Amino acid sequence: MKHTHLRKCLIPALAAVFLVCLLAFAVCRGTVSDFVPNNSADSGTNFDQALTLSEDEPFRTYIDALFCEEIAASPLSLHYTLKSPEDYGINSYSTDLGSYSAEDLSVSAALAESVIAALREYDADMLSVENRLTRNVLLDSLENTVAAASFPYYEEPLRPSTGVQSELPILLAEYTFESRQDVVDYLEILAEIPAYFDSICTYEAEKQDHGLFMSDFSAEAIIAQCEAFVTSAEENYLIYTFEEKIESLTELTAADRAAFNRQNQAIVTEKVLPAFLQIADTLRELSSASGSSTAAGKDSCGLCDLPMGGEYYAFLVRQATGSSDGITALQNRVEKQRAADLLEIAALLEEYPSLETDALSAAAPCETPEEMLELLKNAIRADFPSADNCSYTVKYVDAAMEDFLAPAFYLTAPLDDYTQNSIYINNGNGYTGIRLFTTLAHEGYPGHLYQNAFFCSIDPAPVRALLGPAGYSEGWATYVEMLSYHYAGLPDETAEFLALEQSVILSLYATADFGIHADGWSFAKTLDFFSDYGFSDEETIREIFELIAGEPVHYLKYYIGYIEFLSLKEYTREIGGTDYSELAFHRAVLEMGPAPFTVLREYLPAYFLE
C-alpha cells in the first residue's frame, strides 16, 4: 500500500527549495515589463492588428527563464530534470545542496510573491489555452509556497517512509554518468551531505524547542533506517553502484577510474555515512529529551493536537491532494465512495456466491516483472493514447533498505531523455502474482512511467516538470491500478471485485488519516475503526497508525486523487455525451498534465472537445 515514485519536483529536497514544497523561484534577470508588449489604445496598433497579438511569446520567455534560474540552483533537481542542460542555455550551475532552515520559508515566500505579481501582469485572455493553464498551475504552486511560510517548524524532512534519509540514497545510486564532469559534480554533491544534514539536525532541534518534534516511534523508525544504511560500510551500495557506473564511462582511463573510486569511497565512508549516523544520534538525543512517546505528549499523535495543527493539516491536504474541497467535504466524499463500493461488492457476491473464494485464487497472467510490463503496455492500447516507445530497466532495492522503502517506485526520467526509465521493486515486501501485476500497472503502464513519458512527448513548457500536486500523479496511478485488474485476463466480475476491494481498503486509510490528524483519533480509536470493517490484527493496525501519524496526507494523495479522477470522468461523460470515450478522456487529462483538480475541471472541455 505504500506505492511511491521519486518525482523531479521533490528532488530539490536537498536544497532550500525542498522546505517550501514546490517552487521558490530566484528573481529572473530583467523584469516582466521587458517582455510584456504594449497593447494599450495609444500604442499605435490598429484594431485588426490587436486581434492577432498575444502574450504567448513573452510569457514563455519569462517562464522558461524562471525554470532555468530555479533548476540551475538545485544540483540534483538539475541532473534528474535535464540530461543536457546546455541545450536549455544552462552553462553554469551550483553543486551546493544549501541548507534546511525555517528562515528559508520566509525568503522563499517573498520570492514567490514577486513572481506571483509578475505573472498577474500577463493578461490571461491574451494567452493560449496551454499557457493559461500553465499560468494557473504556477500561481497555485507559488501561493502554496507563500502559505507555507505561516508554518515555519511544521514541515518534516525526515519522514519514516518518504523522508530525505530514505530517498536520498536512491537518488545518489541512480545518478547517471555521461561524462567526466558528471562524476566530478556527483562527488561534489556527495561531499555536501554532511553540511546539509547538519542543518537538518539544527532544524529538528528547533522543532523540539517549539514543541513540534516528531513522535518517538517515528524517530525510532528513522534511526533504524540510518543505522541500517551504514552497516557494512565497505560494501555500501553507494560504493559498488559508483564503481559499476564509472566502469562504462569510456572517456576515462583505468587510472582515472581508480582515482575516482578511491575518492568516492573516502567521501562515502568518511563523510556520508557519519552524516547518516549524525541524524540517528540527533534524533535519539532529541527523542530522549522530549520525555514523551507521542507528539506533544498527546495520545493521538495527530496534527490537530498541535498549536495551529488543524490549519497546517488543512494546508497539507490542499497542497498534496490538489483538491479544493475542505476536510469535512472530503471526509464525506470518502465515506460516500466507500458505501457505494461496498454496495457493489454485496451485489456481486449475491450474483456470484463463489466470487470471494475465486478472488483469493486470482493469478497474474505472467510471472516476471518484465513480462507483466510488456503485457500491460500492449493491453492498454485501445483505451489510452500512444506514447513514444520507451525503454525501462527493472531494478531491485538494496537489501539494506528493504524494510524501509515502498514495495515499488518509479524514478522519473529527464525531460530531454524521457524514454530511459527505471522501476524499482522491493523484494522485501514479497509482492508476487496479481499484487505485483497491479503494482507494476501503478508504477509503469499505464501508471507513472507512461504518464510521464506521454506528457514529455507533447513538449510542455519545461517548468511544468516542477509543478503539480502529488494528488494528480498518485491519483492517476491509483485510478489506472484499479483498471489494471481488467487487463490481467481475469473474469470481469473477479476483476471488478478486486478493484472495489482495493478501493475500500484505500478509503479506510484515507478516513484514518482524517481521523488521526483532523479529529484526534488515538490508536485505540483507530483500532476500533478498522475492527468495524473486519481488520482486527493489532500489530498491523499499529503499523498503519504509526505510518499515518508520521506521514500526514500520505494516503490522501492516492485516494483523494483517485476519487477526483472518478469525478472528472463523470464530468467528462456529461460534457461529452455521445462523443465520450475512455481514450478521449484519458488523452485530455494526460495532455493537461499535473495540475490542481479545479484547474483540470476548468480546462477539460477545451482539451476534450478540441
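**Notes on strand E4 and the aromatic rings**

1. Let's start in strand E4: Asn421 there is the bridge partner of Tyr392. Keep in mind while you look at this pairing that the model is predicted. Tyr392 belongs to the stretch 391-396, strand E2, which pairs with E4 in the parallel sense over six bridges.

2. E4 has another neighbour as well. Strand E3, residues 408-411, runs antiparallel to E4 and is joined to it by four bridges. If you want a pair to click on here, try Ala408, whose bridge partner in E4 is Ile425.

3. How many of the six residues of E4 are buried? Five are, so to speak, tucked away: the strand, spanning 420-425, is mostly covered.

4. On to the rings. Searching the whole structure turns up 41 aromatic pairs. One of them is Trp521 with Phe529, a tilted pair with 5.1 Å from centre to centre and 50 degrees between the planes. Trp521 counts as buried because its relative accessible area is 12%, under the 20% cut-off. Phe529 is buried too, at 11% relative accessibility.

5. There's also a cluster worth pulling up on screen. Ring pairs link Phe384, Tyr450, Phe454, Tyr472, Trp476, Tyr479, Phe565, Phe585 and Phe597.

6. Finally, a couple of charges over rings. Arg542 lies over the face of Phe523, 3.8 Å from the ring centre. Over the ring of Tyr186 you'll find the charged end of Lys245, at 5.3 Å from the centre.

Methods
Residues numbered from 1 in each chain as written. Predicted model: local features only at pLDDT ≥ 70, side-chain atom pairs only at ≥ 80, totals over all residues. Heavy atoms only, no water. Phe/Tyr/Trp six-rings, centres within 6.5 Å; stacked < 30°, edge-to-face > 60°. Buried < 20%, exposed > 50% of the residue type's maximum accessible area, 1.4 Å probe, protein only. Lys NZ or Arg CZ within 6 Å of the ring centre and 35° of its normal. Helix = DSSP H or I, 4+ residues; strand = E, 2+ residues; numbered from the N terminus. Pairing = 2+ DSSP bridges.
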